[in-house]
Amino acid sequence: MPLKNDLLVRAARCQPVERTPVWMMRQAGRYLPEYRAVRKDLPFLTLCKTVDLAVEVSLQPLRILGVDAVIMFSDILIPVEAMGLEVQLTEKIGPKMPHPVRSAADVEALRVPDPVETMPFVYDIIRTLKREIADAVPLLGFAGAPWTLAAYMIEGGSSKNYHIIKSLMYSEPAIFHRLMEKLADTQALYLKAQIEAGIDALQLFDSWAGELSPEDFATFALPYIQRVFEQVGSAVPRILYVNGSAHLLEGMAASGAEVLSIDWRTDLAEAVRRTQGRVALQGNLDPCRLLGPREGILRGVEDIRAKAKDAPGHIMNLGHGILPPTPVENAQTFIAAAQGRL
């Protein structure tokens, strides 16, 4: 069945739209009382793997905010666990890998898993969401980009300066590239199965690749993003998000993505100029704007809309995930303003 609201898909394809579509990264999350009620004392990974609960929290932003797309609730580290690495994940502490990847033997021990066999709950979530949404809006799938996943796996969790992964990257490049090949192939299979299950677009999150210089991004990260996108193909629009990406836009535009999601540190008009009409753009309001007054939110939306006017396609979004302290009414204001309802 065709989508009733296909604005996001059309904008991603640089096709004409009646208005700018809008959604938010982390739109299913702790800022919503309804999410907190579902989560309660439930371990985060349990929520990710419990189909009915993951479906419920995925749908909450559609019901409460009226967003133009639903993104499935999950976590980028789900495939890492399926590769055979233990993952401990809590929202307050963040991800931990008790046995980080540091050697050739560690890399060889990792498998490229069959996604449907090892992560069946992901595809059950997607199929259930498609039924529940009834093609009212697009359903987004997602995955983590290889460099960001490698950073978690090698560092053993979050990092301030990424010195462990960079040390391995520079001193043992053969080991590093072998890990990246496995990650790229794993993510490609994971996303292809999401497409087969019914997603309408996908986003690849490279949250930490902004820590790389343009040269290192081109050598150690971009080829594996391209490897993912080449294997996935263009059946659905592909969005690439890199946090802290102001110095990487030209490389990102060569990734194969139809859409680049821009963080708030980059002027959107500059992003339009530097990408030269090669891709649609997504973003890029500072999430902290939603902690301020209504007038500032409205002004921020109008500023982004003006700067994106020459982009071949534009999807309104935040420049990073919505923050837990955000008042729900401010999130509603952002969505309504982006949709021209205010």
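**Exercise 1.** Work out why strand 4 is described as largely enclosed by the rest of the structure.

*Solution.* Start with burial, where buried means under 20% relative accessible area, calculated with a 1.4 Å probe on protein chains only: 6 of the 6 residues of strand 4 are buried, so the strand is largely enclosed by the rest of the structure. Next, take the faces in turn, since Leu139, Gly141 and Ala143 are buried on one side, while Leu140, Phe142 and Gly144 are buried on the other.

The model is a predicted one, in which local features need pLDDT of at least 70 and side-chain atom pairs count only at pLDDT 80 or more, whereas totals for chains, interfaces and linings use all residues. Residues are numbered from 1 along each chain as its sequence is written, and side-chain values use heavy atoms, with hydrogens and water left out.

**Exercise 2.** Find which strands pair with strand 4, and place them in the sheet.

*Solution.* Strands are DSSP runs of E with at least two residues, numbered from the N terminus, and two of them pair if DSSP finds at least two bridges between them. On one side, strand 1 pairs with strand 4 in the parallel sense over 2 bridges, with valine 70 opposite leucine 139. Strand 5 also runs parallel to strand 4, joined to it by 5 bridges, and here glycine 144 stands opposite phenylalanine 205. Finally, the open sheet as a whole holds 7 strands in the order 1-4-5-6-7-8-9, with parallel pairing, and its edge strands, which each pair on one side only, are strand 1 (70–71) and strand 9 (314–315).

Methods:
Helix = DSSP H or I, 4+ residues; strand = E, 2+ residues; numbered from the N terminus. Buried < 20%, exposed > 50% of the residue type's maximum accessible area, 1.4 Å probe, protein only.
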